[in-house]
Structure formats: C-alpha cells, structure tokens
Amino acid sequence: MPALTYDQLRVLNSYGVFTENPDRPLFTLENLHKDFYLTDFRNLMMGITQASTETAAISHFSRRYGMFMAMQFYMLSMYDEIWDGKKVDVRFSMINEFGVNTLGTFITPNDYRYVEDNEREYVISKLLYQCHEVFLQLRKTTSISPLILWENLFGYMLWNYYEQLENPLLADRAFEDLEILEGTKAWQLFSNKSWFYQYTGGKNPAQIVNKPIRKSCCFSKDVPGLMQCEFCPMK
C-alpha cells in the first residue's frame, strides 16, 4: 500500500477527490448499482444542481464521476498506482465549489496499490468496464446519450495526458496508456470499438486539447452557476 504524497493529494483534491471522511455522505457508488435507488438519485441530483432538466443534472454527476475516474488514469500513468477499493468506499457528499453546489468524491486512502507491468492492459480494461457499468445505470435515470457520458470523462483524461506528454520524463507511460486506450482490446468486454479513439481520432493530445472535438453537449449551460462549455458543439 503506497502512502500518498502531498503532490498526489493536491491533484486529487483539485479534481474533487478527497481522502478524508465526508461530514454528510449522501450515497455511495454501490448505491448507484442498485436499480431501486436510481429515482432517489435522480431527484437528489436535480435538487443539488437546480438544473433545468434531468439530463443536465445527470450529465453533471457524470462529470464529477469522470473526474474521479480521470484521476485513476492519471495515477496509473504518473505513478503506476490505482485506487482499488470497494464500491461502498466511494462516497459522494455535497460540497461548494466556486460558489456552486456540487458533489465531492471521498475515498479511503489506504486502498491505493501499485500496478505491475504485466497487468497494465487488464487494469485499464477493468477501469473502462467500471465506467461502462456506471454509465449504464445513469442511462436508466433519464434520456442521456452514452456519448455525453464518455466525453465528459475523456475531456479530463485528454488534458492530463497532454500535460504528461509535454514532460519528457513522464511521456513514456502516457504514450503506453494512450496506445492501450486507442486499441480495441481493452474495450472488448462491452464494445467492439475504442470510444477513446473515436474521441481523439488517434491524434496527439497536443493537436486537439484546445480544439472543439466534442460531438455532444455536456449541458453545463443548463446548471445555474455554470457556463456553456467553450467548445460546445451546440453553439
């Protein structure tokens, strides 16, 4: 079990991921996997976000979940580590971020582990399948495209890989993980294509990081206190 450094904690916190216990946990990732809870979850997200539509509220949650999962891929490429705890230990609690109510993700710090070279592709495949399972549940709550959910995750991942590839000391692992993500093998548990390759077109992150490559709208424009995405395809 690796001990988290100050820099690791700082980056996690900047993505709304915290390692202390929340004061008032609202629900866990395990709750989301239970169909009977999904109506309460949707209503809770509508209340927290004050979004004008259910789709906007659920998309907002997927962005918060996407931040947590983006940190999984970040920790993997930066430190060869992932958080490998139980669903019940991923807790969501309301926080205020820049004057806007949203959800923070709270996890147990002692569940990080090192990833060996020979299991890297398997670990990435497992992370992608975890996203797939959550996105299936979210789609049961309202009408929302899987493309929206995946692109909400990919935007954070793209930025992280861009920053790592700019540093020659960090680029090797990032390139390795990008190759796995853009191949089809890591996706084969639920897809015959790489959704990440569909997003990037196989281009280097530096070529696309500040360009409008989204094909879907994240609906942040429909959440009070948030602005329309700069690269929204619906402009």
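**A walk through two pockets and two helices**

Hi everyone. The lining of the largest pocket is made up of 16 nonpolar, 8 polar and 7 charged residues. Before I go on, please keep in mind that this is a predicted model.

Let's stay with that pocket for a moment. How big is the largest pocket? Its volume comes to about 860 Å³. Around the largest pocket there are 31 lining residues, and those that lie nearest its centre are Arg63, Tyr156, Cys218, Cys229 and Glu230. If you want to find the walls on your screen, look for helix 4 (54-79), strand 5 (100-106) and helix 6 (146-165), the elements that each give two or more residues to this lining. Which of them gives the largest share? That is helix 6, with 6 residues.

Now for the second largest pocket. Its volume is about 280 Å³, and 20 residues line it. Nearest the centre of this one you will find Gly85, Lys87, Lys126, Gln130 and Glu133. Helix 4 turns up again here, together with helix 5 (120-139), as the elements giving two or more residues to the lining of the second largest pocket. Helix 5 contributes the most, with 7 residues. By class, this lining holds 10 nonpolar, 5 polar and 5 charged residues.

Next stop, helix 3. This helix runs over residues 38-49, which makes 12 residues. At 1.5 Å a residue it should span 16 Å, and its end C-alpha atoms are indeed 16 Å apart, so the two agree. Which residues of helix 3 are buried? They are Leu38, Phe41, Arg42, Met45, Ile48 and Thr49. Because these cover an arc of only 130° around the axis, they sit on the same side of helix 3. And what covers them? The cover includes strand 2 (27-28), helix 2 (29-32), helix 4, strand 4 (91-97), strand 5 and helix 5. Just after helix 3 comes Gln50, which takes a positive phi of about 55°.

Last, a single residue: Phe175, which you will find in helix 7 (residues 171-182). Is Phe175 buried, exposed or partly exposed? Its relative accessible area is 41%, so Phe175 counts as partly exposed. Setting aside neighbours within four places in sequence, Phe175 is in contact with Leu165 and Asn204. To get a sense of where Phe175 sits, compare its place with Met1: the two are 174 residues apart in sequence and 26 Å apart in space, C-alpha to C-alpha.

That's my tour. Thanks for listening!

Conventions. Residues are numbered from 1 along each chain as its sequence is written. This is a predicted model: local features need pLDDT of at least 70, side-chain atom pairs count only at pLDDT 80 or more; totals for chains, interfaces and linings use all residues. Side-chain values use heavy atoms; hydrogens and water are left out. On a 1 Å grid over the protein atoms alone, a cavity is a set of points where a 1.4 Å probe fits but cannot get out, and a pocket is an open set with protein on both sides within 12 Å along at least five of seven lines; lining residues have an atom within 4 Å of a point. Grid points are joined across faces, edges and corners, and a volume is the space filled by probe spheres set on the points. Helices (H or I, at least four residues) and strands (E, at least two) are DSSP runs, numbered from the N terminus. Ala, Val, Leu, Ile, Met, Phe, Trp, Tyr, Cys and Pro count as nonpolar, Asp, Glu, Lys and Arg as charged, and the others, Gly among them, as polar. The expected span of a helix is 1.5 Å times one less than its number of residues. Buried means under 20% relative accessible area, exposed over 50%, partly exposed in between (1.4 Å probe, protein chains only). The arc is that of the directions from the helix axis to the C-beta atoms. Contact means heavy atoms within 4.5 Å.
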